[in-house]
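Subject: Structure handover

Hello,

Here is the structure I promised to pass on. Please open it first, then read my notes below.

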Amino acid sequence: MPGLRFLFAAMAGVLGMLLTLIGFILVYLLRRKRLDRLKDKWREIHGEVIQMAIVWEPAPGDSEPMPVPVSAARTLGSPVSRQCMIGDLIKGKKALSGAAADNLVCLYNRLELDRDSAKRLMSPKWHLQAQGIHELATMEQRGYVTRLYRFTNASNEMVRKEAQAAIVQLFGFEGLRFLDVIDTSLSEWQQIQLLQLLQHTTGAPQGSLQRWLHSSNATVRMFTLRLIAEHHLPEMAPHAADRLSDSIDGVRLQAIRCLRDLGATDSCGALTRVYPEEGLAGQLAILDAIGHIGTAAQLQFLQDQLNASEDRIKLEAARALVRLGEEGLICLERFPKIDRFPWNDVFRQVTCEWRL
Amino acid sequence: MEVMSILQVISDVLAYGFWLYSIALLSSQLLLGSLAMVQMRQYMRSSSFTDYSLLAGSPHAPGISILAPAYNEGATIVENVRSLLSIHYRNLELIVVNDGSKDDSLQKLIDHYQLRKTDRLVQTGIATKKIRGIYQSANPVFHKLIVVDKENGGKADALNVGINVSGQPYIVCIDVDCIIEQDALLKMAKPFLDTQDKRVIASGGVVRIANGCEVRNGRLVKVHLPDTFLPRTQALEYFRAFLIGRMAWSRLNAMLLISGAFGAFDKEIVIACGGYNGATVGEDMELVVRMRRYMEEHRIPYKVTYIPDPLCWTEAPASYKILGRQRNRWTRGTIETLSIHRKMCFNPHYGRLGLLSFPYWLFFELLAPIVEAAGILASIFMAMFGGMNVLLFLALLGFIFSFGILFSILAILMEVLSFNQYRRSGDILRLVFTAILEPLVFHPFIVWSAIRGNIDLMRKKKGWGDMSRQGFATKKFTAGKDSRR
């Protein structure tokens, strides 16, 4: 029967695939176990080399390069071992700073591992390119900047983002030049990553910051505002305040937070002026900001917000009053409806938070 | 003669019908398998050099509220909460909702965490049962913890209370007795931050089986394959479901289900949709479908993502009785959800949701047990009356049997190539043997439980039934019974 023959053939095919898969799994596991044992052995040797490198100090007047034990040099004949070493060095570099971190970079160069990382840049596989970029940036290989910069416009999103982060990691604020030309969005994740890379960098270029605040790319404007707040640049407060009239909600929200973080007390007037036009999120952010940077001049404004129909506005206004100190607390206590629901709950909550 | 020819016609129609259904089902499984492999490879590659730790201490990390409903968890609640408080994340609040427990869950929390009743204005965006009190700790070490005591109203109601109390833009809904990895939130938060052109409204995580694992102080210290057959089969089943099924649907941006044990959501969209639906036992699936429907109807570009890393560990039922109740409930939940949103089925207005995911769930998740059972019964009947070639029937059964095993082996392969959690020698072989036995022992029971679920729903049965668990208090977690709603 043709149907039966077909079924048996199909079953044989499936059984064949089954056995092949099971065989593949077993062989793969055996090979991985073997490789894991090798890696453990390499890691032991690499660990000793890395520990030596971390504490190494050249003798005064000594121009000899960092010594590398023969046992380590022998293990680095295999590309897998070299990749293992790169991985360990990167972990160590991320965990350390100062001379110890510099020594790891020295060791990376001494072992010519930059060639392995650079080779990955040539791979047609995007994840290898991105990994190569990541390794070169982490190990401070500024000599590769021209090649890395080419990737800042790569079609693959992961490669592009990794390259942009790499340039910033290597050159600080100078590396943010790509913000002048970028036509794709900077995701929140990327912004957080860039901010972290710049956290210990100084010398934010004010001219560039002003230019980026007027970028046609909304995410660039948002990122710039975050940068200004992160690096405490009070001289940029007036420029940040200009963004309170931005057409994009997210940019305006960021501008409000920036002014709060800058402690820009004299922008409270601007904040109260734009308040009526903002949506709920913007209004809550403004109240929060005034709670941090406001003065006695804003007490009446805050008390007026206690009459808002939205309970979250009432709560945030009450919080802001409490944050402004004793005058604010008195203002809150003297609010005529303080004994009625929901103001009584609001009052109890904010005073409880303040006590905690 | 006429009767025989009618029988023959019926037999042919049934045979061809079952053939077509089987071909469609098996083809869809192959397609899902291929998509899953592509998506897994992409994910493993992109996450290999992602530094999740940059979120851990970042002031820019979005605030997250973990919502953990609890009912009669007195035996393990203190440990569970301690485990949750140790999660690495800066802007975190943990909201434990005591859903009218009859035991001493609340008192244990109050005593251990130095809780005091506080006043807190609760947004009443979603209607819920009455809140009896909100507690926070006097000890600044536990400042992230909020405990809400409420009247009993069920899991959905407890989660809705948590949503109302939450002060953060994102919520992570979990089962309080699950073990969550310390970096879980870092990985779950990333999709919400890394997509610019679409709004990520929900992100699902993988749930793994903790039976047989070593647990110490509420943390998983060593992963082992379950020793007993039933949890081990479920581990295999979860591989198929999470590593293949959800991975593939995530690639298509057509995932309909995020596990109630571990899922992250955009709170604003959850509230806009009305929160969890207490009228269904499948509240987790129903919420995701409703959120997707909301976004489709409002034409807002969106995504539901999925993180395949093992981030959440749970206890699988170790007895057929409890397993049967669980699967019965899952079936009823699926039927209720698909029924509530039946408007979407084959409706092009809902894009992939209406044309792909919904029909797939209807025909290949919901109807599959019924078709399978009917097919076997019809075949036996036909065989008895000479209307079917017995050899053909056995060959067909054998083919489907071996294809099922193939799919399980593929899931094992994906686990080995990706996270490879089971490293004891022999674990993978045990899984392979489990895959061979599963169609003979486990699968018929699941089909039977699903059919009972259909019958119970027709009899208008509601509720979860008693779901017994042992909990993670013991050093090595083993199969057993305990109390759970």
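V97(B) stands opposite V148(B), a residue of strand β5 in chain B. Keep in mind that this is a predicted model. The V97(B) pairing is part of a wider contact: β2 (residues 92-99) of chain B and β5(B) run parallel and are joined by 6 bridges.

β5(B) also pairs with β4 (residues 131-137) of chain B. Here the two strands run antiparallel, with 5 bridges between them. Look for Q136(B), which stands opposite I146(B) in β5(B).

How much of β5(B) is buried? The strand covers residues 145-150, and 6 of its 6 residues are buried. Its side chains point two ways. L145(B), V147(B) and D149(B) face one way, while I146(B), V148(B) and K150(B) face the other. Both sets are buried, and they include the charged residues D149(B) and K150(B).

Now step back to the whole sheet. It is open and holds 10 strands of chain B, with mixed pairing. The order is β3-β4-β5-β2-β1-β6-β11-β8-β12-β7. β3 and β7 (179-180) of chain B each have a single partner strand, so one side of each has no neighbour in the sheet. Further along the order, β6 (residues 170-174) and β11 (residues 262-266) of chain B run antiparallel and share 5 bridges. I171(B) has F265(B) in β11(B) as its bridge partner.

Next, the contact between the chains. Chain A brings 53 residues to it and chain B brings 49. About 4,500 Å² is buried between chain A and chain B, and carbon and sulfur atoms give 75% of that area. Which three residues of chain A supply more than any other three of the area it buries against chain B? They are L7(A), W189(A) and I192(A), with 16%.

There are 2 salt bridges between the chains. One of the residue pairs in a salt bridge is D119(B) with R348(A), whose closest N and O atoms are 3.3 Å apart. Polar contacts join 9 residue pairs across the two chains, counting pairs with both residues at pLDDT 80 or more.

Several helices build the side of chain A that touches chain B. α1 (2-55), α6 (126-138), α8 (157-171), α9 (188-198), α11 (218-230), α17 (311-323) and α19 of chain A each supply at least two residues. The largest share, 21 residues, comes from α1(A). By type, this side of chain A divides into 29 nonpolar, 10 polar and 14 charged residues.

Last, some backbone details to check. F341(A) and P342(A) are joined by a cis peptide bond, with omega about 0 degrees. P342(A) sits in the loop between α18 (326-333) and α19 (343-355) of chain A.

In chain B, two residues to look at have positive phi. Q114(B) is not a glycine, yet its phi is near 55 degrees. Q114(B) lies in the loop between α4 (105-113) and β3 (115-118) of chain B. Is Q114(B) buried, exposed or partly exposed? It counts as partly exposed, because its relative accessibility is 38%, between the cut-offs of 20% and 50%. F346(B), also not a glycine, has a phi of about 60 degrees. F346(B) is found in the loop between α10 (320-340) and α11 (351-366) of chain B.

Best wishes

How values were computed:
Residues are numbered from 1 along each chain as its sequence is written. Chains are lettered from A and ligands numbered from 1 in the order in which they are written. This is a predicted model: local features need pLDDT of at least 70, side-chain atom pairs count only at pLDDT 80 or more; totals for chains, interfaces and linings use all residues. Side-chain values use heavy atoms; hydrogens and water are left out. Helices (H or I, at least four residues) and strands (E, at least two) are DSSP runs, numbered from the N terminus. Buried means under 20% relative accessible area, exposed over 50%, partly exposed in between (1.4 Å probe, protein chains only). Two strands pair if DSSP finds at least two bridges between them. Contact means heavy atoms within 4.5 Å. Buried area is the accessible area (1.4 Å probe) that two parts lose on being put together, summed over both. A salt bridge is a side-chain nitrogen of Lys or Arg within 4 Å of a carboxyl oxygen of Asp or Glu. A polar contact is a pair of N or O atoms within 3.5 Å; within protein, one must be able to donate a hydrogen and the other to accept it, and residues adjacent in sequence count only if both atoms are side-chain atoms.
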